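Biologist: Hi! I'm new to this one, could you walk me through it?
Modeller: Happy to, let's put it on screen.

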Protein chains: 2
Amino acid sequence: MRHVRHVVCINTNCRLEEPPKPNVTLCPKCGTVLDVVYDYEYLKSAVDRDALEASGERSFWRYRQFMPVEDTSPAPPLRVGWTPMYKRHNVVGLSTLFIKDDGQNPTGSLKDRPSALCVVKAREAGSGSVACASTGNAASSLAGNAAAAGLKSFIFVPERAPKGKLAQLLIFGATVICVRGDYQDTFKLSAEAISKYGWYSRNAAINPYLVEGKKTVALEICEQLGWQAPDWVAVSVGDGCTLAAVYKGFYDFRQMGFIDKIPRLLSVQATGCFPINKALREGGDIVPMAENTLADSIAVGVPRNGTKALRAIQASNGLTIEVTDEEILAAMRELGATCGVFGEPAGVAGLAGLKKAVAQGQIGQDEKVVAIITGNGLKDTANALTAAGEPISSAPDMDSLLKELGNRGIKGL
Amino acid sequence: MRHVRHVVCINTNCRLEEPPKPNVTLCPKCGTVLDVVYDYEYLKSAVDRDALEASGERSFWRYRQFMPVEDTSPAPPLRVGWTPMYKRHNVVGLSTLFIKDDGQNPTGSLKDRPSALCVVKAREAGSGSVACASTGNAASSLAGNAAAAGLKSFIFVPERAPKGKLAQLLIFGATVICVRGDYQDTFKLSAEAISKYGWYSRNAAINPYLVEGKKTVALEICEQLGWQAPDWVAVSVGDGCTLAAVYKGFYDFRQMGFIDKIPRLLSVQATGCFPINKALREGGDIVPMAENTLADSIAVGVPRNGTKALRAIQASNGLTIEVTDEEILAAMRELGATCGVFGEPAGVAGLAGLKKAVAQGQIGQDEKVVAIITGNGLKDTANALTAAGEPISSAPDMDSLLKELGNRGIKGL
């Protein structure tokens, strides 16, 4: 990987540099998470905006020069990334809003980006199997991308995991191990098994490469906006990895001179679970919190990548905001009815926070803003039903229909 | 529409030709469905394969010259079509199989193609509202594409419609009218209301333009295979519209000289509901059947476009086959585990039939075959769970895990 200098420990008291081997995990000296460092001077000599625009590759592999993969590594089969970005007027109080719909990824979430990258790194490490502990989008995207690439996947879930969430995993042929215990037991057993069997670990808490897959959503935003960085990007925040990744993407392209600024990041968490936002506003360390929100993908009381996220918010001169479950469901409805995009609760939390920030005057109505929708609403139809409201009931005749529509002031055209 | 000659009644005893107005429905003389006729000589002077390949449009609008829309009509916002096609070896008994994953459309099904076209025709007709009677993919795709384009949608559903299916409609801001009656009552009330209010009708039984949107899946197959028509295309068949549309797409490109043959079509229906296949094999008219299959999108006992479908199977020298629900669920698992693609039951029925036809020697293992996956598995996780099987249960320690994996012969790598 000529374009990667090394991986470096993000602990400012350590800063150990290591070679970017495919199976690096945490810092061997202090146990902190690592970060990939690129050789931007080399990259400047190898790629420019015109070359990217001329790429016929309509997936996130158009940015393979900005990902820590070997030149010779084949891209896995599924079409990940290069998701659509839609422009809308007069939504959530903004004169213009850009919606980046990452629910259009093959298994339905942004997590297909890191999972597809993980499959490549597993192959580079010589492993034919990947593993993680998760019930959510990380697991389903890993299982799907592994299946497509001919790798085995081993997914550890706690016994309380809803059966519906397991369906996608099992259909993708994953070996799903339902651990009779809580999430901590599950994680611990997965770590032991990964160590024993030599499976490749897809764990955002320890694998420094995953964030490099996630960041491609920011690279796409730059290119899809004609290389004009937006003023703001709104992101739903759980463990903080996606927010940190979005920053890294803009950082890369700023270093390359492809954009002239890094957008301000809006970190949106749930009022029932906001340890990262709390730490940022109050200073000090991240303190664990309860996980009281229906937006399950961002219900993370003990964020494992909080430091990177905190730095990203600060470095971008960003903003933190929390939203209630009701505000999340309202955003789901507004997004669907105005944009034809169906997002899952955690996927639209960023949009809900954006609406609030605009209403409170923290973001101006004429600023250029992108909201990333991180997951597809079909992943969680139960909560969508809560948001959706009731249909109109009518007897099967026109008189009844006219009365029912009339009662609601619906004129029909 | 310089490229469209007229619409023609498909009744061979009628053959009435009409001007292609945006709101034409059935033949005004005999009540039969109409077909759009193109001016291929004009089209040959206007477009060739190189021009299509050079198109930067990565949606089904790259084929707008082959759709009955005015040159000046803007394309609606959602990214519909240009879905991925994956190549796999040694799946369902074929040495090479091509999977066209139309579940990757914005609302999760092939129906986004006709629904997006419907939105354009509604605008051309001067209507700000669209309507249909459906609980399935036709309705959700119409609601989503209408919302994105700023049109109102009115969806009529029978009261027995599962609540989960209504969620997506309501999120897209559709006015959903739940009719206290059966599907016939619902359809009748929708027709009356459409007539009274002047809504634009999205009803595949009467609107001749919808098939012209659906056919684009075949156009994409041609281009994605480098203009080599496959030997076979396997299609799940319910009301017959999609099968007829696939034929029409290949027919168009054959007329243009873009491909040198029309592939043979494999018409796959459920053993619990196969009126089209039955009529083809036994001759004579289509006789209504019960609807006994879990693949709800193809559970159509009274197909409304059966004639077009029958002609398509015959004209392509095609084949009919039926599959059990168990075979459908098995195909869902095989597709997921080998390709990383999650299809809904009706969406994978074509693949299940293909497997059966190969096993029976009706399709050779080295023939070039495309299976179209018409809908996303996330649309129906209940049936996916039935297909998926059970996870492995383990106590939270390595000894238990080793025992459980060992019992199943799982070695881990």
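Modeller: Let's start with a pair of strands: strand E14 (residues 392-394) of chain A and strand E8 (residues 175-179) of chain B run parallel and are joined by three bridges. Strands here are DSSP runs of E with at least two residues, helices are runs of H or I with at least four, both numbered from the N terminus, and two strands pair if DSSP finds at least two bridges between them.

Biologist: Which residue is the bridge partner of A:Ser394 in E8(B)?
Modeller: That is B:Val179.

Biologist: Anything I should know about the model itself?
Modeller: It is a predicted model, where local features need pLDDT of at least 70 and side-chain atom pairs count only at pLDDT 80 or more, while totals for chains, interfaces and linings use all residues. Residues are numbered from 1 along each chain as its sequence is written, chains are lettered from A and ligands numbered from 1 in the order in which they are written, and side-chain values use heavy atoms, leaving out hydrogens and water.

Biologist: OK, what rotation superposes chain B on chain A?
Modeller: One of 180°, with 0.0 Å of shift along its axis and an RMSD of 0.0 Å; the fit is by least squares on the C-alpha atoms of residues with pLDDT of at least 70 in both copies. The two copies are therefore related as by a two-fold rotation axis. In chain B, the C-alpha nearest that axis belongs to B:Leu378, 2.9 Å away from it.

Biologist: And how many residues are in contact?
Modeller: 78 residues of chain B are in contact with 78 of chain A, where contact means heavy atoms within 4.5 Å.

Biologist: What area is buried between them?
Modeller: About 6,600 Å², with carbon and sulfur atoms giving 64%; that is the accessible area (1.4 Å probe) the two parts lose on being put together, summed over both. B:Arg79, B:Ile171 and B:Leu378 supply 12% of what chain B buries against chain A, more than any other three residues.

Biologist: How many salt bridges cross the interface?
Modeller: Zero, by the rule used, which asks for a side-chain nitrogen of Lys or Arg within 4 Å of a carboxyl oxygen of Asp or Glu. Over all chains, though, the whole structure has 40.

Biologist: Can you show me one?
Modeller: Sure, A:Lys248 and A:Asp35 meet through their side chains at 3.1 Å, N to O. This pair links distant parts of the chain, 213 residues apart: A:Lys248 lies in helix H9 (residues 241-255) and A:Asp35 in strand E3 (residues 34-38), both of chain A.
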